[in-house]
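Please look through the sequence and the model shown here, and then follow the explanation below, which goes from the chain as a whole to single residues and back again.

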Amino acid sequence: VSVNPVISVAANVAPSSNVLPGSTVNYTLIFSNTGTVNAPNVEVHAPVNTLSGVTINSAWTCDAAASLPSTPASICDDFVATTLPAPPPAGTLSGSFGSLPVGAKVVFKATGLVDAMLAQGASVTLTASDTTTAKVHTCDPASRTNTTNSACEADATFTVSTPVLGITHTALPTTNLPPGASTVYTIRVTNPGVFIVTDAQV
């Protein structure tokens, strides 16, 4: 009876809610072999060419301290970035491991710059996946977040919140004012949002 390696993919972005346009977010992607046999030729991928709303403004790095095994040599040393037929678009994570041993865990990190023009409530998703050409890996069921296919992948999504100001105004009295009478105007400015608003002009 043949046993296939089991690959798990996890993706995280922080913060994931109330993200301010123009701010930065931190991505963490984890590829693990949770099976009982070594996994050969594991290809990892996180594309940015279809990612709108955020720019990966630092190269993806393999976190040797967080990855396993870390001794006697880090699993990160085995990562080979994709260069053929052409290098992937800037900001894309794309490469492979000749072998991912049982219990191995590879942690990649990068920082993204959020588009300053994103509107309130907008969401941005980055998908990380095991793109091994010959599917000799079994996907951990927890990594099948996309129910439309059987890809071994995980999504990291953040939602945007923008500063919000509310303004109301009243005048009293509003009717039956004789000539020469006074009216009191009241303007009220409120902040119903989740951010402190500075330098507001009304």
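A residue is called buried when its relative accessible area is under 20%, exposed when that area is over 50%, and partly exposed when the value falls in between. A73 has a relative accessible area of 45%, so this residue counts as partly exposed. Its place is in the loop between strand 5 and strand 6, and it will be useful again when we consider how far the chain reaches. Please keep in mind throughout that the model is a predicted one.

Let us begin with the chain as a whole. The secondary structure of the protein chain consists of 13 strands and 0 helices, and reading along the sequence therefore gives the pattern β-β-β-β-β-β-β-β-β-β-β-β-β. The radius of gyration of this chain is 25 Å, whereas the globule rule gives 17 Å for 202 residues; the value is well over that of the rule, so the chain is more spread out than a compact globule. The spans of the C-alpha trace along its principal axes, about 95 × 35 × 30 Å, describe the extent of the chain in another way. A73, the loop residue introduced above, gives an example of a separation in space, for its C-alpha atom is 80 Å from that of P173, while the two residues are 100 places apart in sequence.

Some totals for the whole chain can be added to this picture. Of the 202 residues in the protein chain, 33% are buried, and the chain exposes about 11500 Å², of which carbon and sulfur atoms supply 56%. If we take the contacts between residues at least 6 apart in sequence, 76% of them join residues that are at least 24 apart. As for charge, the chain carries 5 positive and 10 negative side chains, and the centres of these two sets lie 9 Å apart.

We can now turn to single residues, starting with a pair in contact. Is S129, which belongs to strand 9 (residues 123-130), buried or exposed? The relative accessible area of S129 is 10%, and because this is under the 20% cut-off, the residue is buried. When its neighbours within four places in sequence are left aside, S129 is in contact with V9, F31, E43, V44, H45, C152 and E153.

One of these partners, H45, lies in strand 3, and with a relative accessibility of 22% this residue counts as partly exposed. Apart from neighbours within four places in sequence, the contacts of H45 include F31, T92, L93, S94 and T127, as well as S129 itself. The side chain of H45 also reaches the backbone oxygen of L93, at 3.3 Å. In addition, H45 and G95 are 50 residues apart in sequence, yet their C-alpha atoms are separated by 6.8 Å in space.

Strand 12 (residues 166-172) offers another residue to examine, namely L172. With a relative accessible area of 57%, which is over the 50% cut-off, L172 is exposed. Not counting residues up to four places away in sequence, L172 touches S182, T183 and V184, and the C-alpha atoms of L172 and S182, which are 10 residues apart along the chain, are separated by 8.8 Å.

Finally, some details of the backbone deserve attention. Most residues other than glycine have a negative phi, and most peptide bonds are trans. Against this background, which peptide bonds are cis? One cis peptide bond joins A14 and P15, with omega at about -5°, and P15 is found in the loop between strand 1 (6-14) and strand 2 (24-33). Another runs from L68 to P69, with omega near -5°, and P69 is in the loop between strand 5 (61-62) and strand 6 (79-81).

The loop between strand 1 and strand 2 also holds N18, a residue other than glycine whose phi is positive, near 55°. N18 has a relative accessible area of 39%, so it is partly exposed. N41, which is not a glycine either, has a positive phi of about 50°, but the place of N41 is in strand 3 (residues 39-46). At 49% relative accessibility, N41 counts as partly exposed, because this value is not over the 50% cut-off and not under 20%.

Technical notes
Residues are numbered from 1 along each chain as its sequence is written. This is a predicted model: local features need pLDDT of at least 70, side-chain atom pairs count only at pLDDT 80 or more; totals for chains, interfaces and linings use all residues. Side-chain values use heavy atoms; hydrogens and water are left out. Buried means under 20% relative accessible area, exposed over 50%, partly exposed in between (1.4 Å probe, protein chains only). Contact means heavy atoms within 4.5 Å. Helices (H or I, at least four residues) and strands (E, at least two) are DSSP runs, numbered from the N terminus. The radius of gyration is taken over C-alpha atoms; the globule rule is 2.2 Å times the number of residues to the power 0.38. Accessible areas come from the Shrake-Rupley method with a 1.4 Å probe; for residues, only the protein chains shown count as cover. Lys and Arg count as positive and Asp and Glu as negative; His and the chain ends are not counted. The place of a charge is taken as NZ of Lys, CZ of Arg, CG of Asp or CD of Glu. A polar contact is a pair of N or O atoms within 3.5 Å; within protein, one must be able to donate a hydrogen and the other to accept it, and residues adjacent in sequence count only if both atoms are side-chain atoms.
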